[in-house]
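Please open the model in a viewer and keep the sequence panel visible beside it. The stops below are arranged as a series of selections.

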Amino acid sequence: MTQTVLIVDDEPAIRELLEITLSRMGLNTQSAATLSEAQSALRQEQADLCLTDMRLPDGNGISLVELIQRDYPNLPVAMITAHGSVETAITALKAGAFDFITKPIELERLRTLVSSALRLSDYSGTDGEPSSDDAKTAQLIGNTAVINTLRQQIHKLARSQAPVHIHGESGSGKEVVARLIHQHGPRAEAAFIAVNCGAIPAELMESELFGHVKGSFTGAAKDKLGLFQSANGGTLFLDEVADLPLAMQVKLLRAIQEKAVRPVGGNEELAIDVRILSATHKNLADEVAAGRFRNDLYYRIHVIDLQVPSLRERLDDLPALSEAILSRISADSPGGPATLSNCALEAMHNYHFPGNVRELENILERAWALSEGRQIEASDLQFASGPSSSSAASSLSNLAAPALAIEEAFGNLEAYLEDIERQVISAALEQCRWNKTATAKLLGISFRSLRYRLQKLQLDD
Ligand SMILES: Nc1ncnc2c1ncn2[C@@H]1O[C@H](COP(=O)(O)OP(=O)(O)OP(=O)(O)O)[C@@H](O)[C@H]1O
């Protein structure tokens, strides 16, 4: 079926240019010169894409974007902005515009924008699993409120072309989130290229990102495609973007702004159509304040900020995550995948996972290697001491003086810490007349954590 594009612009010349270009692409067009005309056009016929100017005689394009977001959430809308008005473009993207195009309109860029927007209206996979059978197909495991919110944000952002900056601790799943934004969007069939900006040597970075032509420097034996070109039509994920040297930040900003790259040693600019996603575990605003990250690049890549929660904030996802990890690492074991004992699961609940899901994967892999049978026990997890020992230790002075000398811990840290823990908990229990709920409160740990510790320290009878 022929698709329809609603054009909203008060300049007849622009409307005409858009109408001609779009009808040459085999599309129907509808035109409106004002916000109210646009509203009645939307009521009359279901469009597949809306292109709107920013300044309209009876309002502005942002209110149209907001109205469409509210009343026609499946209709992609792109904003036409004046050249150089980055702020407007960013406001439009934040309001939910799919993309923007600047005046004077470049027809090639217009065609690219329209095709990817229409792929988006065609795209039916947003609620189901991604259709690609790529081995790297990402999955966001978990059902806690924070993960469900994140999942909704991913689905929403997948429909936009706006740059998204993903922030979260190491190993928390930032790359998984970036892959999902790609997989659920109109670029799913094209490449997803992830690059760790902290891992590329500074002298190779330009050639890695933008490519080089043969002979442009010693060692450039043949032409090489850069990562931007490899991601053309798809998504480029700049991981640890805060680690980009300042000189590269300038070049990256240029590539994003111009939507073009120039390979090292090349004379020509090559147009590229890439969605930029970025991530860092650092606070990018602090990096800007410290002068290590360019302010202008920050505004370009940070249009939308997405926070990935740490594993500590979603400990209730531990069973589901562990089950998925264990079935991956022990799938071939006779008798089926490994399982976790209740004690092991409790022990995990009391750990603070500074390395997040990646650390959980490592802990389970090691535990699986160490465990005797198919069931992983708490001792296989090899947690040295829980995080709460620090809060317990801080209450130590009020409760009981440690009877042990520091040297006694050398070579025997675990037993030493357990001894301190035993003393603190015993003192707290005594103070609370063996009321476990009050004891847990006094120590600043959960009841569950106290129960686990009492069992571990054999204080529970
Ligand atoms: N919600 C999740 N569901 C399933 N697997 C997850 C989830 N979150 C993270 N993982 C897994 O944890 C590991 C680390 O995830 P990922 O590489 O996305 O983290 P990251 O935040 O990008 O890490 P880094 O900061 O080191 O770049 C991966 O193996 C990933 O598959």
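The tour proceeds from the domains to the sheets and then to the packed helices.

**Before selecting**

Residues are numbered from 1 along each chain as its sequence is written. The model is predicted: local features need pLDDT of at least 70 and side-chain atom pairs count only at pLDDT 80 or more, whereas totals for chains, interfaces and linings use all residues.

**Stop 1: the domains**

Colour the chain by its domain assignment: domain 1 (4-122), domain 2 (145-307), domain 3 (311-381) and domain 4 (388-456). These bounds come from an automatic or database domain assignment. Next, display domain 3 with domain 4: 4 residues of domain 3 are in contact with 4 residues of domain 4. Contact here requires that the C-beta atoms of two residues, placed from the backbone, lie within 7 Å. On the domain 3 side, the touching residues divide into 1 nonpolar, 2 polar and 1 charged. In this division, Ala, Val, Leu, Ile, Met, Phe, Trp, Tyr, Cys and Pro count as nonpolar, Asp, Glu, Lys and Arg as charged, and the others, Gly among them, as polar.

**Stop 2: the sheet from β2 to β7**

Select the open sheet of 5 strands with the order β2-β1-β3-β6-β7 and parallel pairing. Strands (E, at least two residues) and helices (H or I, at least four) are DSSP runs, numbered from the N terminus, and two strands pair if DSSP finds at least two bridges between them. At the edges are β2 (28-32) and β7 (99-102), each of which pairs on one side only. From one strand to the next, the twist averages 20°. Now select β3 (residues 49-53) and β6 (residues 77-81), which pair in the parallel sense over 4 bridges. Label Cys50, which stands opposite Val77 in β6.

**Stop 3: α4 and its neighbours**

Add α4, which lies across β6 and β7 and runs at about 170° to β6. Axes are lines fitted to C-alpha atoms, for helices over the stretch in contact, and angles run from 0 to 180 degrees between N-to-C directions. Then add α3 (residues 61-71): this helix packs against α4 (residues 86-95) at an angle of about 15°, with the axes 9 Å apart. α3 is therefore roughly parallel to α4, a description used for angles under 35 degrees. Show the side chains of Gly61, Ile62, Val65, Glu66 and Gln69 in α3, which meet Thr91, Ala92 and Ala95 in α4. The residues of this contact divide into 4 nonpolar, 3 polar and 1 charged.

**Stop 4: the sheet from β9 to β16**

Move to the open sheet whose 5 strands have the order β9-β12-β15-β8-β16, with parallel pairing. β9 (192-196) and β16 (304-307) stand at the edges with a single partner strand each, so one side of each has no neighbour in the sheet. Select β8 (residues 164-167) and β15 (residues 275-280), which run parallel and are joined by 4 bridges. Label His167, whose bridge partner in β15 is Thr280.

**Stop 5: α13 and α15**

Finally, select α13 (residues 318-329) and α15 (residues 356-370), which pack at an angle of about 50° with their axes 10 Å apart. The two helices are therefore oblique to each other, a class for angles outside the ranges under 35, over 145 and 65 to 115 degrees. Display Leu321, Ser322, Ile325, Leu326 and Ile329 of α13 together with Val357, Leu360, Glu361, Leu364, Glu365 and Trp368 of α15, which make the contact. These residues divide into 8 nonpolar, 1 polar and 2 charged.
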